[in-house]
Amino acid sequence: MEELLPSTNHSFEPEFTGHPPRPIPDRLDEGPYARGRRRTAILLAASGAICLLLARAPGVDVLARYVLPFGYLSWIGVGLLALAAAGYVPLALRAGPFRYVRDGLPLAVRVLDLVKTPTAIVNGSPTTHGFVARVLFRHPDSGETVSTDLKSNDFSSHRKDAYDTPFKVGDTVTAAYLPGRLEKTLRLYAFLELSPDLHLRARSAPSADSPWTQALLLAAIPAIFVVLFANVYAYGRYHPVEFEYRRAAAPLAAGAILLGGGLLAGLYLAHRSEQERLRRRAEQAAAEGRAVELATPFLGRGAYGWAIRIAVALGAPLLGGLTALCWCFMANAWLDRSQAAPVPATIVGRTMTTHAFLFREYELEYRLAGSDATLKLLTTPEHLIGLRGPEAIAYVRRGRLGWPWVETVASP
C-alpha cells in the first residue's frame, strides 16, 4: 500500500495558506455552497412575500374551505421569511463548511475508487444520489496508512447525469478535517462545494433526454394529480344511484389493462432504458477513471423492493380500472340530456372530512323514498347550510350510459 500513498509534492489550495484561524477569501462567496445558500434564501423570501400577498387576495377564503393551507397563508409566509433569514445566517457568519477553511487542517489523500450511488430511495425509485470516494492517506498523528470512504453532499437523482468530480481515480487531492476530530470530520475539499474552481461540476456531455421528453416529464406530475383529484370528485359527485359494479365490468377491465398495464410497462421500459444508458456510461467512466454509477434494481432492492413491486403490480391495474370507471361516471353525467325527476328523500347526515390535514370535503348523506340505502353526495358547505330539516327532494336523471344519478338535493 505504500506505493499508493498520496504524492508528497501535492500543493494545497491557496485558501489553506497559513495556520488556523485563517481569513475566508472573498472568492469563496462565488462557490457553489455560497451561491446555493443565497439562491435558497432569495427563493424562500420571495415565496414568503407571495404567500403574504395571496393571503389578502379575493377568493382565497373560499379555497381555504377545501385546501386548508390556504387558510394559513399569512403564517406560512412569515415562516418562509424566517427560514430565509435562518438559511442566510450561516453564510453571513461564515459558519458551516467555511469552518474547514478557517479552522481546519489540510491533508493530501489519494483516490482509490470512485462511485456515484443512490443515497435515498422512495417507493422503489432513487430520489437523491451522491459520490463516494475511497481514499488512502497517512494518518497525521499515528503515521499509519489509513483507507476510508468519504461522501459528497447529496444531489437530486433527476439531475445526477449533470454531476461529475474534478478528479479521477489515482489522483492526489486535498481533504480537510477539524483539529482533534479527523475520523469524524474528514471531508474531501471538493465535496464541500466551497471553492468556485474545485467542486462537483457539470459534464460537457448533453442530456440524454430531448427537450420534448423533459417537457413531458415536467407535465406528467401535475397531470397525475389532476387525474387523481378528478377521480375523487367524480366518484363522490356523480356516483350512480344503487350502482352494481358488475355493470361496469368492461370499463374496469379496459382501464386495468390499458391504463394500469400501460403504467407498469412504461415504468419497466423506462427503467430498462436507464439501466442500459447507465451500463454504457459506467464502462466509459471506468476506462477514464471517473466515478462509476451504481445500478439499482427495478423499484428497489431487497424485501422493500419486492414489497414495492407487489404493491405496484396490484395497485396499477386497480388504479387504472377505477380511473376508467370514474371517467365513465363523469361521461354518464356530463353527456346526460334527460330531464331531472324529483324524488322524495330524507337527509340523514352532513359530514365534513379532512384528509391528511390538507384537504377537506363536504358530503350530504340521504335516503331516497322506498330505499334503505344511504347515499352520499359530494357538495359544498353553502349547500349543506341551505338545507332545512330532514325532508328533501332529490333530482334524479337517467344518465347517458343508463346509470341513474342524482343531480342535486334540495329542500322542498
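## A walk through the rings, cores and cysteines

Start by selecting F329, which is buried at 0% relative accessible area. What you have open is a predicted model, so read every value here as computed from it.

Keep F329 on screen and add Y235. Their ring centres are 6.2 Å apart with the planes at 40°, which makes this a tilted pair. Y235 belongs to helix α6 (residues 211-237) and F329 to helix α8 (residues 302-334), so the pair ties together parts 94 residues apart in sequence. Unlike buried F329, Y235 is partly exposed, at 38% relative accessibility. Now bring in F243, Y245 and W403: together with Y235 and F329 they make up one aromatic cluster.

How many aromatic pairs does a search of the whole structure find? It turns up 16. For a stacked one, jump to F155 and Y163, where the centres are 4.3 Å apart and the planes 20° from each other. F155 is buried, with a relative accessible area of 5%.

While rings are on your mind, try two arginines. Select R309 and W306: the charged end of R309 sits over the ring of W306, 4.7 Å from its centre. Then go to R94 and F98, where the charged end of R94 sits over the F98 ring, 5.3 Å from the ring centre.

Next stop, the nonpolar cores. The largest has 22 residues, and those with the most contacts inside it are V109, F167, L186 and L188. Colour strands β1 (105-122), β2 (125-138) and β5 (172-177), since each supplies at least two residues of this core. Zoom in on V109 and show its contacts. Skipping neighbours within four places in sequence, V109 is in contact with P6, V135, L136, F137, D171, T172, V173, A175 and L188. Another core lies apart from the largest one; this one has 16 residues, with I347, Y366, L377 and A394 among them. As background, nonpolar side chains in soluble globular proteins tend to be buried together.

For a different view of L186, pick T148 in strand β3 (residues 145-151). Leaving out residues up to four places away in sequence, T148 touches A133, R134, V135, F137 and L186. T148 is partly exposed, with a relative accessible area of 25%. Draw a distance from its C-alpha to that of V132, 16 residues away along the chain, and you should get 10.0 Å.

Over to helix α1 (residues 32-54). Is its length as expected for 23 residues, or off? At 1.5 Å a residue, α1 should span 33 Å, and its end C-alpha atoms are 32 Å apart, which agrees. Select its buried residues: P32, Y33, A34, G36, A41, G48 and C51. Turn on α3 (73-92) and α4 (98-102) as well, as both are included in what covers those buried residues.

Finish with the cysteines. How many disulfides does the structure hold? The count is 0. Select C326 and C328 to see one case: the closest cysteine sulfur to that of C326 is in C328, 9.2 Å away, too far for a bond. Viewed from the other end, C328 is in no disulfide, and its nearest cysteine sulfur is that of C326. Are these two cysteines buried or exposed? C326 counts as buried at 5% relative accessibility, and C328 counts as buried too, at 18%, with the cut-off for buried being under 20%.

Terms used: Residues are numbered from 1 along each chain as its sequence is written. This is a predicted model: local features need pLDDT of at least 70, side-chain atom pairs count only at pLDDT 80 or more; totals for chains, interfaces and linings use all residues. Side-chain values use heavy atoms; hydrogens and water are left out. Rings of Phe, Tyr and Trp (its six-membered ring) pair if their centres lie within 6.5 Å; planes under 30 degrees apart count as stacked, over 60 as edge-to-face and the rest as tilted. Buried means under 20% relative accessible area, exposed over 50%, partly exposed in between (1.4 Å probe, protein chains only). Helices (H or I, at least four residues) and strands (E, at least two) are DSSP runs, numbered from the N terminus. A charge sits over a ring if NZ of Lys or CZ of Arg is within 6 Å of the ring centre and within 35 degrees of the ring normal. A nonpolar core is a set of buried Ala, Val, Leu, Ile, Met, Phe, Trp, Tyr and Cys residues joined through side-chain atoms within 4.5 Å. Contact means heavy atoms within 4.5 Å. A disulfide is a pair of cysteine sulfur atoms within 2.5 Å. The expected span of a helix is 1.5 Å times one less than its number of residues.
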